[in-house]
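Okay, everyone, let me put one up on the screen. I'd like to walk through how the inside of this one is packed.

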Amino acid sequence: MTRALRAVIADDQALVRTGFKMILTADGIEVTAEAADGAEAVAAVRRTRPDVVLMDIRMPQMDGIEATRRIVGDDQAQTRVIILTTYDLDHYVYAALTAGASGFLLKDVSPEHLVAALRLVQTGDALLAPTITRRLIERFAPHHEPQPPAHRDLSTLTPRELEVLRLLATGLSNAELASRLFLSPTTVKTHVARILSKLNLRDRVQAVVYAYETGLITPPQPPTRSPGGGGRRQGIRDGHGGG
């Protein structure tokens, strides 16, 4: 018999934790612990060894970003983290992804999507589409100093694997990679798996983050506005033009 998926819920609002717990347990997911702050979440993971953590970002004592970093950094845990956030694409989400989270959900997620997300991440897939990850990185990476993760070296990749990583980081799916490179989907999956293994990355989301942070892919520069030529268009776009 397959073991039930096990989860920890970390959020400083008891009502939020209760609501998520009801949804998960109703679908056969075992909630091994609840945590009201990051420190409690780290302790709960070490104590119960869940498959997935639903992690709020803004919590007292220790926030969700530092808690994620500690959980993912524990080689024995093998626990994946899904970030819960109220706002789409904020800089906290970018920080959490670089800390090792496998994706994020908005707090108004439907019960069906919540359950599906936990089961998806448990299988080792990434919850966040690479295209969305790329939008996050293009928006926030220019404001951060590149800090390549330790013990990872692009030189360990073959030329073909490097090519796959570059294309993967642009947001292409496995099917799109196969079409672009004239390879079978199975071969593409093998290349992706080898890239993740060689670079010690958990999933495709982390691969996209890593490609940007090492400079393999660079965020596009904003278009240069010609002197005096873009004011009216910008005003209209911002809702202040016209007249």
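So, start at Ile83. Skip the neighbours within four places in sequence, and Ile83 still touches Met55, Ile57, Thr68, Ala96, Ala101, Gly103, Phe104 and Leu105. Keep in mind that this is a predicted model.

Now zoom out a bit. Ile83 is one of the residues with the most contacts inside the largest nonpolar core, together with Met55 and Val81. That core has 55 residues. Which helix gives the largest share of it? That's α10, residues 204-213, with seven residues. There's also a second, separate core of 18 residues, and among its members are Leu24, Val31, Ile82 and Val109. As a general background point, nonpolar side chains in soluble globular proteins tend to be buried together.

Okay, back to Met55, and to strand β3, which runs over residues 52-56. How many of its residues are buried? Five of five, so to speak the strand is mostly covered. Val52, Leu54 and Asp56 point one way from β3, while Val53 and Met55 point the other way, and all of them are buried. Yes, that list has Asp56 in it too.

And the strands on either side of the pairing list? β1, residues 6-10, pairs with β3 in the parallel sense over four bridges, and Ala10 is the residue opposite Met55. β4, residues 80-85, also pairs with β3 in the parallel sense, over five bridges. There, Asp56 stands opposite Leu84.

Technical notes:
Residues numbered from 1 in each chain as written. Predicted model: local features only at pLDDT ≥ 70, side-chain atom pairs only at ≥ 80, totals over all residues. Heavy atoms only, no water. Core = buried A, V, L, I, M, F, W, Y, C linked by side-chain atoms within 4.5 Å. Buried < 20%, exposed > 50% of the residue type's maximum accessible area, 1.4 Å probe, protein only. Helix = DSSP H or I, 4+ residues; strand = E, 2+ residues; numbered from the N terminus. Contact = heavy atoms within 4.5 Å. Pairing = 2+ DSSP bridges.
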